[in-house]
Amino acid sequence: IPFLICNCSGFSGNITPSSYSGLIPWQNVISSRGIALNTSTNLWTVPVTGLYLISAAVRLNSNYNYMYWAVDDRTGSPASVQGDKLVIGHGGGTTFTTAVGSILLTLETGKNYGMRANASSGSAVALSATQTWMDIHLVG
C-alpha cells in the first residue's frame with residue numbers, strides 16, 4: 001500500500017500564507033513506499049489513482065483569526081483538489097495557530113500535488129518545522 005510520512009525538519013524560515021503562495025516546505029521524508037516527494041519543489045506524486053487519506057498538522061507562529069491547509073493540483077495552474085475541502089484552525093490568543101486534521105481525496109497518477117496554508121493575514125510568518133508534519137496513504 002503506497003504511503004508517505006514526512007515533516008519539515010531542516011526548514012528554517014518563513015512562508016506567506018496567502019492564495020496559492022503558502023506552499024508547505026516538506027523537507028524530510030521519514031518513510032515512503034510508492035509516493036514520491038520532491039523536497040526541492042515540495043510536490044508529490046502518487047503511483048496509483050485512488051482514494052487517499054491525508055493527515056497533517058501545520059503550525060504557523062502567529063495568532064490568526066483563522067488558518068487552514070488545503071491540497072492543490074500543481075500540475076498546471078494551481079487548483080484546489082475537490083473544491084473548498086480544507087482543514088481549518090483558529091487562533092486563541094497565543095503566539096501560534098495550528099490547523100490539524102485529516103481529509104479523504106481522490107488523487108491521480110501523472111499529477112503533482114502540494115499542500116498550502118492560508119490565513120487571515122497574508123504576511124510572511126515563521127513555520128514551526130518541528131510541529132508541521134504530513135502522512136498520506138492509499139485507502140482504496
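Two strands pair if DSSP finds at least two bridges between them. The exercises below apply this to a predicted model.

**Exercise 1. Which strands pair with E1, and in which sense?**

Solution.
- Step 1. Strand E1 covers residues 3–7 and strand E3 covers residues 28–33; five bridges join them. The two run antiparallel.
- Step 2. One residue pair places this contact in the sequence: Asn7 has Asn28 in E3 as its bridge partner.
- Step 3. E1 also pairs with strand E13 (residues 133–138), over five bridges and in the antiparallel sense. Here Cys6 has Met134 in E13 as its bridge partner.
- Result. E1 pairs with E3 and with E13, antiparallel in each case.

**Exercise 2. State how many bridges join E6 to E10 and to E13, and how covered E6 is.**

Solution.
- Step 1. E6 spans residues 50–60. E6 and E10 run antiparallel and are joined by 11 bridges; within this pairing, Leu53 is matched with Leu104 of E10.
- Step 2. Six bridges join E6 to E13, again antiparallel. Ala56 has Met134 as its bridge partner in E13.
- Step 3. Met134 therefore appears twice under the bridge criterion of DSSP: as the partner of Cys6 from E1 and as the partner of Ala56 from E6.
- Step 4. For burial, the cut-off is under 20% relative accessible area. Nine of the 11 residues of E6 are buried, which leaves the strand mostly covered.

**Exercise 3. Is Leu104 buried, partly exposed or exposed, and what does it help to form on the surface?**

Solution.
- Step 1. Leu104 belongs to strand E10, residues 97–107.
- Step 2. Buried means under 20% relative accessible area and exposed means over 50%. Leu104 has 38% relative accessibility, so it counts as partly exposed.
- Step 3. Together with Leu51 and Val139, Leu104 makes a nonpolar surface patch of about 220 Å².

**Exercise 4. What elements make up the chain, and how does its radius of gyration relate to that of a compact globule?**

Solution.
- Step 1. The protein chain has 13 strands and zero helices.
- Step 2. A compact globule of 140 residues would have a radius of gyration near 14 Å; the protein chain has 14 Å, so the two agree. Along its principal axes the C-alpha trace spans about 40 × 30 × 25 Å.
- Step 3. Of the contacts with a separation of 6 or more, 75% come from residues 24 or more positions apart.
- Step 4. Of the 140 residues, 42% are buried. The chain exposes about 6,200 Å², with carbon and sulfur atoms supplying 50% of this area.

Conventions. Residues are numbered from 1 along each chain as its sequence is written. This is a predicted model: local features need pLDDT of at least 70, side-chain atom pairs count only at pLDDT 80 or more; totals for chains, interfaces and linings use all residues. Side-chain values use heavy atoms; hydrogens and water are left out. Patches are made of residues with over 30% relative accessible area and no salt bridge: like charges are joined within 9 Å, nonpolar side chains (Val, Leu, Ile, Met, Phe, Trp, Tyr) within 5 Å. Accessible areas come from the Shrake-Rupley method with a 1.4 Å probe; for residues, only the protein chains shown count as cover. A salt bridge is a side-chain nitrogen of Lys or Arg within 4 Å of a carboxyl oxygen of Asp or Glu. Helices (H or I, at least four residues) and strands (E, at least two) are DSSP runs, numbered from the N terminus. Buried means under 20% relative accessible area, exposed over 50%, partly exposed in between (1.4 Å probe, protein chains only). The radius of gyration is taken over C-alpha atoms; the globule rule is 2.2 Å times the number of residues to the power 0.38. Contact means heavy atoms within 4.5 Å.
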